[in-house]
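Visitor: Could you take me in for a close look at one part of this protein, and show me how that part sits within the rest? I work with coordinates every day, so please be specific.

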Amino acid sequence: MKPYVITISRQFGSMGRSIAQALSRELQIDFYDRDIVEETAKRLGMPVSVISDTEENSKSIYFRRMYPLGKGITSFKDEVFLVQKNIIRDFAAKGSCIIVGRCADYILREHPRCANVFISASKEDRITRLCAMHHIDAEAAEEMIEKADKRRSEYYNYYSYKTWDASATYYLCVDSSSLGDE
């Protein structure tokens, strides 16, 4: 069988990462998520925390002052995106895999065997999951959801020129509230 890639985009708290990991085990193919951050840090010679903070905080001027940018790159966030783009392509070229987030569906849009999935869940279910996982109240969970989904949407829409949670963007949309994790 020829190598293929499944990309997973997901709402915060929808269990998208867990579903992707389970699918990876079931299909016996590689799973990439935080590995992309770790490899980016390695290639840029920076701590993983710097890369994580850059992904999550697009307005931070600290990183622009601390680290010089490559030629033609306008922000540190753009430099991180370009490095991650190469890493995602490298992982996809190695063999069949599942890649979570980071505009992988857009980056691999020319890949002949790439299926793009979006995982959502009702807000109520996401709040319940986050409250249980993080031992927080519903208000804190809802705030986490709003911030994380906003960051994901802004990042995706900026780098892909597509719409993050629009069903037309993906081959398959799954509601984990209705279908469950498995």
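Guide: Happy to. One term before we start: two residues are in contact here when heavy atoms of theirs lie within 4.5 Å. Please also keep in mind that this is a predicted model.

Let me choose the loop between S3 and H6, where both Gly101 and Cys103 are found. A little background will help us find our way there. The protein chain has 9 helices and 5 strands, and from the N terminus on they run β-α-β-α-α-α-α-β-α-β-α-α-β-α. Of its 182 residues, 47% count as buried. Among contacts with a separation of 6 or more, 65% join residues 24 or more positions apart.

Now to Cys103. Its relative accessibility is 3%, so Cys103 counts as buried, the limit being under 20%. Its phi is near 60°, a positive value in a residue other than glycine. As background, most residues other than glycine have a negative phi. Beyond its neighbours within four places in sequence, Cys103 is in contact with Phe81, Tyr155, Tyr156 and Tyr159.

Cys103 also belongs to the largest nonpolar core, which holds 23 residues. Together with Val5, Ile36, Ile88, Ile99 and Leu108, Cys103 is among those that touch the most other members. At least two residues of this core come from each of helix H5 (76-94), strand S3 (97-100), helix H6 (104-107), strand S4 (114-120) and helix H8 (138-160). H5 supplies the largest share, 6 residues. A second core, separate from this one, has 13 residues, including Tyr4, Ile8, Ile29 and Val117. In soluble globular proteins, nonpolar side chains tend to be buried together.

Next, Gly101 in the loop between S3 and H6. Gly101 counts as buried because its relative accessibility is 10%. Setting aside residues within four places in sequence, Gly101 is in contact with Ile8 and Arg10. Ile8 is one of the residues of the second core, while Arg10 is among the residues that lie nearest the centre of the largest pocket. There is a long-range pairing to look at too: Gly101 and Asp33 are 68 residues apart in sequence, yet their C-alpha atoms are 7.2 Å apart in space.

That leads us to the pocket itself. Its volume is about 760 Å³, and 26 residues line it, with Arg10, Phe12, Asp33, Arg102 and Arg152 nearest its centre. Two or more lining residues come from each of strand S1 (5-10), helix H1 (16-27), helix H3 (48-56), helix H7 (123-134) and H8. H8 gives the most, 5 residues. By class, the lining has 9 nonpolar, 8 polar and 9 charged residues.

For a contrast with Cys103, turn to Gln28, in the loop between H1 and strand S2 (30-32). Gln28 has a positive phi as well, near 55°, but Gln28 counts as exposed because its relative accessibility is 72%.

One last stop is Leu44, in helix H2 (residues 34-44). Not counting residues up to four places away in sequence, Leu44 touches Ile51, Glu79, Val80 and Val83. Of these, Val83 is 39 residues from Leu44 in sequence, with 8.1 Å between their C-alpha atoms.

Technical notes. Residues numbered from 1 in each chain as written. Predicted model: local features only at pLDDT ≥ 70, side-chain atom pairs only at ≥ 80, totals over all residues. Heavy atoms only, no water. Helix = DSSP H or I, 4+ residues; strand = E, 2+ residues; numbered from the N terminus. Buried < 20%, exposed > 50% of the residue type's maximum accessible area, 1.4 Å probe, protein only. Core = buried A, V, L, I, M, F, W, Y, C linked by side-chain atoms within 4.5 Å. 1 Å grid on protein atoms, 1.4 Å probe; cavity = no way out; pocket = protein on both sides within 12 Å on 5 of 7 lines; lining within 4 Å. Points joined across faces, edges and corners; volume = space filled by probe spheres on them. Nonpolar A, V, L, I, M, F, W, Y, C, P; charged D, E, K, R; others polar.
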